[in-house]
Amino acid sequence: MQLHRHTSAAPDPRERGLDIGRTWEAQTRNTAKLYFDFFATLGIAPQKVRDLAEQSHAALHAWCPALAEEAEGWANGAGLETWEMSVVNARTEILAAAPRKVGSHECSTAVYAPARASAPETIQTWDWHDHLAPDGLLLEVTPSPGRTTKTFTEFGTLGKIGVNSEGLGLHFNILAHSRDDDSAGVPVHAIARRILDEASTIDQAIDIASSARVSASTVFTVFTATASGTSTPRLAASIEVSPAGTGVVDAGSDGWLLHTNHFLDPVLAEEDAIDDGALSPQRLAHLGRVRTELACLGIADRAKQFCSSEGASSVVCFHPDASAPRHEQWQTLLTISVDAGDCSLAYAAANPADAARDGFLIF
């Protein structure tokens with residue numbers, strides 16, 4: 001995956017989208033086509049894909065008009081119709097409607113947020129189908145005067161993993177719940193972006209996430225440089241959203257908050273729809289084993305320890321299986337850490353072992 005950086009100071013959402021779309025027309029158009037073709041391999045009819053994309057965009061427009069306008073500008077700038085851009089922005093919502101599932105072998109997140117820490121220490125892998133992400137975007141925007149959002153995302157999604165200048169960071173993992181459906185809710189990637197654009201505290205992030213009607217499940221692991229919360233001070237929490245409701249999982253007493261691709265909230269976990277072959281429980285168990293080794297390390301050493309134990313390379317670091325159908329091939333495309341203290345992302349387009357060896361870049 002080739003990563004590209006873009007900074008837009010445009011204050012108007014539509015103008016901001018136009019700026020992004022015009023600058024990255026080729027990458028945006030290519031990603032939209034790759035996803036449209038991918039959904040066909042999962043058994044979703046082209047008209048169904050378009051309908052879901054249009055309906056999900058309508059849900060976004062009703063929930064957050066500013067982000068809908070940015071998406072419309074981005075599509076227009078890239079020479080696409082809005083629904084074509086929404087095929088990517090609502091890709092999780094469209095996946096929820098697929099008769100042929102792609103599993104949940106993706107994304108491991110670890111956040112260490114002990115009391116009195118200067119800022120949480122974090123690391124995440126982003127595991128996905130490599131042929132769908134030949135390019136990735138590191139986007140910096142000014143959603144309101146004096147405020148900055150930085151996010152890693154795909155060309156066509158409004159947000160994913162990121163941080164803001166208010167000292168709040170966010171990691172992102174997909175989930176699956178038995179009540180996920182084809183009702184085309186607010187795109188979960190747009191929820192991540194709105195949290196980054198508007199939230200300064202964990203409680204505010206919970207309120208934003210809880211206010212959206214969703215049709216697909218996801219967890220936003222949020223954390224702040226300073227403790228926040230009206231009743232119980234929080235430095236980190238995982239906000240699990242699903243059509244069945246929202247669950248909040250706080251960091252443990254040791255300061256650790258770990259998440260992979262299954263529900264941890266006990267109520268939502270009762271209807272977890274993780275597939276039988278998923279490695280999510282094994283990956284979470286691995287993170288539990290190595291968590292104490294990750295604390296108080298620089299990002300390179302943290303990445304090295306992230307996949308250090310025996311068997312971790314096959315649990316945390318994914319490599320494509322050339323013998324499998326393309327839509328079943330997984331690869332660790334990104335290793336990323338979020339620094340909520342100085343509003344930066346440390347990243348490498350590689351798995352943790354390779355990133356530890358070759359180094360990280362700062363955005």
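In this predicted model, Phe 39 is in contact with Ile 44, Val 49, Val 87, Arg 91, Ile 94 and Leu 95, once its neighbours within four places in sequence are left aside. Phe 39 is also one of the residues with the most contacts inside the largest nonpolar core, alongside Leu 60, Ile 191, Ile 195 and Phe 220. That core has 86 residues. A second core, separate from it, has 19 residues, including Ile 123, Leu 284, Ala 346 and Ala 355.

The cores belong to a protein whose secondary structure comes to 13 helices and 14 strands. Of its 363 residues, 59% count as buried. Among contacts with a separation of 6 or more, 68% are between residues 24 or more positions apart.

Arg 91, already met as a contact of Phe 39, also helps to line the largest cavity. The structure holds 1 cavity of 30 Å³ or more, and about 50 Å³ of space lies in the largest cavity. Besides Arg 91, its lining is made up of Thr 92, Glu 106, Cys 107, Trp 126, Lys 160, Phe 172, Asn 173, Ile 174 and His 189. Which elements each supply at least two residues of this lining? They are helix α6 (91-95) and strand β7 (168-174). The largest share, 3 residues, comes from β7. By type, the lining divides into 4 nonpolar, 3 polar and 3 charged residues.

Lys 160 leads from the cavity lining to the salt bridges. Side chains of opposite charge can pair when their charged atoms come close. A search of the whole structure finds 15 salt bridges. In one of them, the side chain of Lys 160 meets that of Glu 154, with 3.0 Å from N to O. Lys 160 and Glu 154 are both buried.

Another salt bridge joins Glu 81 and Arg 50, whose closest N and O atoms are 3.5 Å apart. This pair links distant parts of the chain, the two residues being 31 residues apart. Glu 81 sits in the loop between α4 (65-77) and α5 (82-89), while Arg 50 belongs to helix α3 (residues 46-63). Are these two partners buried or partly exposed? Glu 81 counts as partly exposed because its relative accessibility is 44%. Arg 50, at 29% relative accessibility, likewise counts as partly exposed.

Glu 198 and Arg 194 form a salt bridge within a helix, with their closest N and O atoms 3.1 Å apart. The two residues are 4 residues apart in helix α7 (residues 188-198), so about one helical turn separates them. Glu 198 has a relative accessible area of 40% and is therefore partly exposed. Arg 194 is buried, its relative accessible area being 17%. Elsewhere, Arg 16, Glu 70, Arg 193 and Asp 197 are joined into one network by salt bridges that share partners.

The backbone offers further places to look. Most residues other than glycine have a negative phi. Ala 184 has a positive phi, near 55°. Its place is the loop between β7 and α7. With a relative accessible area of 2%, Ala 184 is buried. Cys 343 also has a positive phi near 55°. This residue lies in the loop between β12 (331-339) and β13 (344-348). Is Cys 343 buried or exposed? Cys 343 is buried, because its relative accessible area is 11% and the cut-off for buried is under 20%.

A last stop is Gly 255, in the loop between β10 (245-250) and β11 (256-259). At 4% relative accessibility, Gly 255 counts as buried. Which residues does Gly 255 touch, not counting residues up to four places away in sequence? They are Val 111, Tyr 112, Ala 113 and Pro 114. Gly 255 can also be placed relative to Ala 236: the two are 19 residues apart in sequence, and their C-alpha atoms are 8.4 Å apart in space.

Conventions. Residues numbered from 1 in each chain as written. Predicted model: local features only at pLDDT ≥ 70, side-chain atom pairs only at ≥ 80, totals over all residues. Heavy atoms only, no water. Salt bridge = Lys/Arg side-chain N within 4 Å of Asp/Glu carboxyl O. Buried < 20%, exposed > 50% of the residue type's maximum accessible area, 1.4 Å probe, protein only. Core = buried A, V, L, I, M, F, W, Y, C linked by side-chain atoms within 4.5 Å. Contact = heavy atoms within 4.5 Å. 1 Å grid on protein atoms, 1.4 Å probe; cavity = no way out; pocket = protein on both sides within 12 Å on 5 of 7 lines; lining within 4 Å. Points joined across faces, edges and corners; volume = space filled by probe spheres on them. Nonpolar A, V, L, I, M, F, W, Y, C, P; charged D, E, K, R; others polar.
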